[in-house]
Amino acid sequence: MLWIILAQMQWRQVTTQERPWKMKRCFSRSTSRGRKGSSETGLKLGTVPQEALRRTLFPLGELTKDFVKKIAAENRLHHVLQKKESMGICFIGKRNFENFILEYLQPRPGRFISIEDNKVLGTHKGWFLYTLGQRANIGGLREPWYVVEKDGAKGDVLVAPRTDHPALYRDLLRTGRVHWIAEEPPAALVRDKMMACHFRFRHQMALVPCVLTLNQDGTVWVTAVKAVRALAPGQFAVFYKGDECLGSGKILRLGPSTYTLQKGQRTASVATEDSSDNPGLGPAP
């Protein structure tokens with residue numbers, strides 16, 4: 001977050017009369033989503049406790065990253081502007097992710113299995129090296145395959161061809177107990193047990209319309225209006241109502257994939273057709 005530090009350095013150099021933006025202090029029990037391109041902020045705010053927010057300053061609340069870079073350029077901090085932004089796990093640097101993880105965890109060899117026909121396509125060094133949605137580099141195969149499910153007990157990683165395969169899409173998830181920034185669930189959700197809003201689970205992804213269903217233990221079911229690609233347990237679903245960040249919950253369970261639902265529908269359709277063609281095979285009256 002070096003760009004934030006740079007802006008704050010510039011902030012200290014400008015008098016009150018010269019400041020082109022306003023410093024905002026959060027006394028309320030909510031936080032705004034921020035400007036376009038700053039979804040990373042919302043993902044972090046979704047887990048901040050209210051006690052901390054009451055004492056937090058947001059000097060960059062009205063600024064975009066491009067504007068902050070302009071401040072850096074005006075201060076001749078060109079070496080900072082030329083640095084590439086981190087797109088991966090920044091603390092491991094340029095090291096290979098698999099090699100880094102295997103420095104701390106013992107390899108647990110397993111199989112890559114096609115979700116379409118259960119064919120074994122190759123082997124891997126550990127199911128924990130992969131996340132849902134990522135490309136699986138399977139030796140000897142030219143075409144890309146993508147991780148759609150993992151079986152930690154057996155060590156198998158299920159994969160599917162194509163980045164848009166229906167096995168990658170789901171529209172239902174359950175979170176752990178939600179951390180509400182306002183300390184309590186929204187009144188509409190408490191009253192009706194259901195509420196329409198938006199959510200995201202990954203930095204820079206578009207907001208997804210959804211319906212929350214509140215459970216008695218403080219967890220929620222999240223039903224997306226449209227199936228979403230690469231949901232994964234362990235990620236955090238962050239909820240928004242308009243421009244307000246409501247809070248977040250850790251994803252614990254996933255509903256069936258679109259591919260599984262389609263298979264179930266085809267099976268039910270075939271069973272119905274067989275029953276119609278052979279009425280004598282139906283249940284006895």
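**Exercises on salt bridges and strand pairing**

At 29% relative accessibility, Glu-149 counts as partly exposed. The model used in these exercises is predicted.

**Exercise 1.** Is Arg-170 buried or exposed? Describe its salt bridge with Glu-149 as well.

*Solution.* Step 1: the closest N and O atoms of Arg-170 and Glu-149 are 3.9 Å apart, and the cut-off for a salt bridge is 4 Å. Step 2: Arg-170 belongs to strand β9 (residues 169-175) and Glu-149 to strand β7 (residues 145-151), so the pair, 21 residues apart, links distant parts of the chain. Step 3: Arg-170 has a relative accessible area of 9%. Buried means under 20%, so Arg-170 is buried.

**Exercise 2.** Which parts of the chain does the pair of Arg-174 and Asp-217 tie together?

*Solution.* Step 1: Arg-174 and Asp-217 form a salt bridge, with 3.3 Å between the closest N and O atoms. Step 2: Arg-174 lies in strand β9, while Asp-217 lies in the loop between β12 and β13 (220-229), so parts 43 residues apart in sequence are tied together. Step 3: Asp-217 is partly exposed, at 39% relative accessibility.

**Exercise 3.** Which strands does β11 pair with, and how many bridges join them?

*Solution.* Step 1: strand β11 (residues 194-200) runs antiparallel to strand β12 (residues 208-214), and six bridges join them. In this pairing, Cys-197 stands opposite Cys-210. Step 2: β11 also runs antiparallel to strand β14 (residues 236-241), joined by three bridges. Here Phe-199 stands opposite Phe-239.

Terms used:
Residues are numbered from 1 along each chain as its sequence is written. This is a predicted model: local features need pLDDT of at least 70, side-chain atom pairs count only at pLDDT 80 or more; totals for chains, interfaces and linings use all residues. Side-chain values use heavy atoms; hydrogens and water are left out. Two strands pair if DSSP finds at least two bridges between them. Helices (H or I, at least four residues) and strands (E, at least two) are DSSP runs, numbered from the N terminus. A salt bridge is a side-chain nitrogen of Lys or Arg within 4 Å of a carboxyl oxygen of Asp or Glu. Buried means under 20% relative accessible area, exposed over 50%, partly exposed in between (1.4 Å probe, protein chains only).
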